[in-house]
Amino acid sequence: MALLLLLPILLVVTILLTFANQGKPFFFQTRPGKGEQLFRIIKFKTMNDAKDTEGNLLPDAQRLTTIGHFVRKTSIDELPQLLNVLKGEMSLIGPRPLLVDYLPLYNNEQQKRHLVRPGITGWAQVNGRNAISWEDKFRLDVYYVEHFNFLLDLKIIVATIKKVLVREGISSTSSVSMEKFKGTN
């Protein structure tokens, strides 16, 4: 139902990002889900593929397009993940699916985040999103896994709407996206 209601927004954003990203409005990436089962996440592509003279991608801040900045700031980039929810790979609420590269870096406690389906939004997103440390993010993810229930999910939905409207925690303090996780000390 959400996909049908959001279809006009999705179509307009797809067209705008098609022009901004040389025909590539979507970003696909393999991520681990429940039980560390791998799936392909779909998001709107907010950065172009600009490279330096040696063929390396430019830093995120230089590749973020104007429309991409707006799409990211308003969290519209997350909406295509409703397709992942329809496919059963994700849930509306749960720990955000992170990079496959991080799997060997999790300690036993952090690994608990994979006991439930990942979500489009979650407890860590409404409590700091990309503006909190990895350790805090994982602590909040594990709290959700160990305490999830209907009332907590309802609280997360309400808080998500507030966060999107206020546009808090979208970027980390030093980057337009979250710094890479390198393991816990």
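Start with the whole protein chain in view, coloured by burial: 44% of its 185 residues count as buried. The model is a predicted one. Switch to a surface display next. The protein chain exposes about 10,400 Å², and carbon and sulfur atoms supply 61% of that area.

Return to the cartoon and follow the chain from its N terminus. There are 7 helices and 4 strands, arranged along the sequence as α-β-β-α-α-α-β-β-α-α-α. The radius of gyration is 16 Å, close to the 16 Å that the globule rule gives for 185 residues, so the protein chain is as compact as a globular protein of that length. Show the C-alpha trace alone, and its span along the principal axes is about 45 × 40 × 30 Å. Turn on contacts between residues at least 6 apart in sequence: 66% of them join residues at least 24 apart.

Now select residues 2-20, which form helix H1. This helix has 19 residues and reaches 26 Å from its first C-alpha to its last, close to the 27 Å expected at 1.5 Å a residue. Centre on Pro-8, where H1 bends by about 50 degrees.

Which residues of H1 are buried? Select Leu-10, Val-13, Thr-14 and Leu-17 and show their side chains; these are the buried residues of H1. To see what covers them, add residues 26-32, 38-44 and 66-73: strand E1, strand E2 and helix H3 are included in that cover.

Finish just past the helix. Select Gln-22, which follows H1 and has a positive phi, near 50 degrees.

Technical notes: Residues numbered from 1 in each chain as written. Predicted model: local features only at pLDDT ≥ 70, side-chain atom pairs only at ≥ 80, totals over all residues. Heavy atoms only, no water. Helix = DSSP H or I, 4+ residues; strand = E, 2+ residues; numbered from the N terminus. Expected span 1.5 Å × (residues − 1). Bend = angle between axes of the 7 residues up to and from the residue. Buried < 20%, exposed > 50% of the residue type's maximum accessible area, 1.4 Å probe, protein only. Contact = heavy atoms within 4.5 Å. Rg over C-alpha atoms; globule rule 2.2 N^0.38 Å. Areas by Shrake-Rupley, 256 points an atom, 1.4 Å probe, with all protein chains shown as cover.
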